[in-house]
Amino acid sequence: MNENAMTRQGIRIHAPEDFAGMHRAGALSALILDELGPMIRPGITTGEIDDYIRKRIEDEGATSATIGYRGHGGQIYNHASCISVNHVVCHGIPGDKMLKDGDILNVDVTVIVDGWYGDTSRMYVAGKAPIKARRLIQVTHDALMKGIEVVRPGATFGDIGHGIQTYAETQRMSVVRDFCGHGLGRVFHAPPNVLHYGRAGSGPVLEEGMFFTIEPMINLGRPETKTLADDWTAVTRDKSLSAQFEHSIGVTADGFEIFTLSPAGVFMPDLG
Ligand code: MF3
Ligand code: CO
Ligand code: CO
């Protein structure tokens, strides 16, 4: 990485031509999530979903950013996706778990295309989810969009968190504090930490050319999480349902560009 790269407040400022690279990576990650829709039904295992994702990334000549990824404790992740079912907040490990009617799940995929990272996740429903679960999914999606809508040069990262938190808490749901969004580009996780809660006007000022994710995790119950013995799986402490949506975005001269828009326009599951 070029040490003389332009940064502001420790955050990389990308050139106009870098948006095209992010667009290609983001589009592939979103396309793969689009393709999962029809296969997510009761009876499929999370491991089978991950196998499909791994193969699609390979077929496209891209690379999975999560296979071989090293966590903070040095633990290595060995899957092409994170699949977080029901009370799992994030970083659920795909495996033998079979989906049953009414399960809700987040699938999170990060691909590398020509060195650029595309990171996105969304919610799915196996069969028909209970009304509470469907409401959680809707509120979480809308909370992400509230965060994205404030993005423009001159706004702050605190404005993003404030928009998300205010909306989620108005709906009497809670924002997870233990995980955050992140800068990305030619790296997976870069400064800043993008908090999904906070005070308006606080934090670094957004500038054109900043690339980052917004990926709020919203719980029906309390916000606290704990990590299981596998060193990855994060669950709600109170076992309440959790949901998450994630987009990778860039700050433009007058607003934002979402790199991970669904090509088929199916970012939100059909909630009936
Ligand atoms: N894609 C996740 C994110 O949104 C990171 C997953 S890292 C893994 O940042 F190792 F758990 F896969
Ligand atoms: Co992310
Ligand atoms: Co992700």
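**Close-up views of the cobalt ions and ligand 1**

**View 1. The site of the cobalt ion (ligand 3) is irregular, with angles of 59 to 168 degrees among its six donor atoms.** The model shown is predicted, so local features need pLDDT of at least 70 and side-chain atom pairs pLDDT 80 or more, while totals for chains, interfaces and linings use all residues. Residues count from 1 along each chain as its sequence is written, chains are lettered from A and ligands numbered from 1 in the order written, and side-chain values use heavy atoms, without hydrogens and water. Donors are N, O and S atoms within 2.8 Å of the metal (3.2 Å for Na, K and Ca); water is not included, so sites may look incomplete. "Irregular" is anything other than tetrahedral (four donors, all angles between 85 and 135 degrees), or square planar (four) and octahedral (six), with opposite donors over 155 degrees apart and all others between 65 and 115. Asp-108 appears twice through OD, joined by Asp-119 (OD) and Glu-246 (OE), at 2.0 to 2.3 Å. Along the chain, the donor residues are spaced D-x10-D-x126-E.

**View 2. Asp-119 coordinates both the cobalt ion (ligand 2) and the cobalt ion (ligand 3), which are 3.3 Å apart.** Coordinating ligand 2 at 2.0 to 2.2 Å you will find Asp-119 (OD), His-182 (NE2), Glu-215 (OE) and Glu-246 (OE). The sequence spacing of these donors is D-x62-H-x32-E-x30-E. The site of ligand 2 is irregular too, its six donor atoms giving angles of 51 to 159 degrees.

**View 3. Fourteen residues surround ligand 1, and Asp-108, His-182, His-189, Glu-215 and Glu-246 come nearest.** A residue belongs here if one of its heavy atoms lies within 4 Å. The shell holds five nonpolar, five polar and four charged residues, where Asp, Glu, Lys and Arg are charged, Ala, Val, Leu, Ile, Met, Phe, Trp, Tyr, Cys and Pro nonpolar, and the others, Gly among them, polar.

**View 4. Thr-110, Glu-215 and Glu-246 each place a polar side-chain atom by ligand 1.** Such pairs are N or O atoms within 3.5 Å. An oxygen atom of ligand 1 is 2.8 Å from the Glu-215 side chain's N or O atom. For Glu-246, the distance to an oxygen atom of ligand 1 is 3.0 Å. Thr-110 lies 3.2 Å from a nitrogen atom of ligand 1, through an N or O atom of its side chain.

Conventions: Polar contact = N/O pair within 3.5 Å; in protein donor to acceptor, adjacent residues only side chain to side chain.
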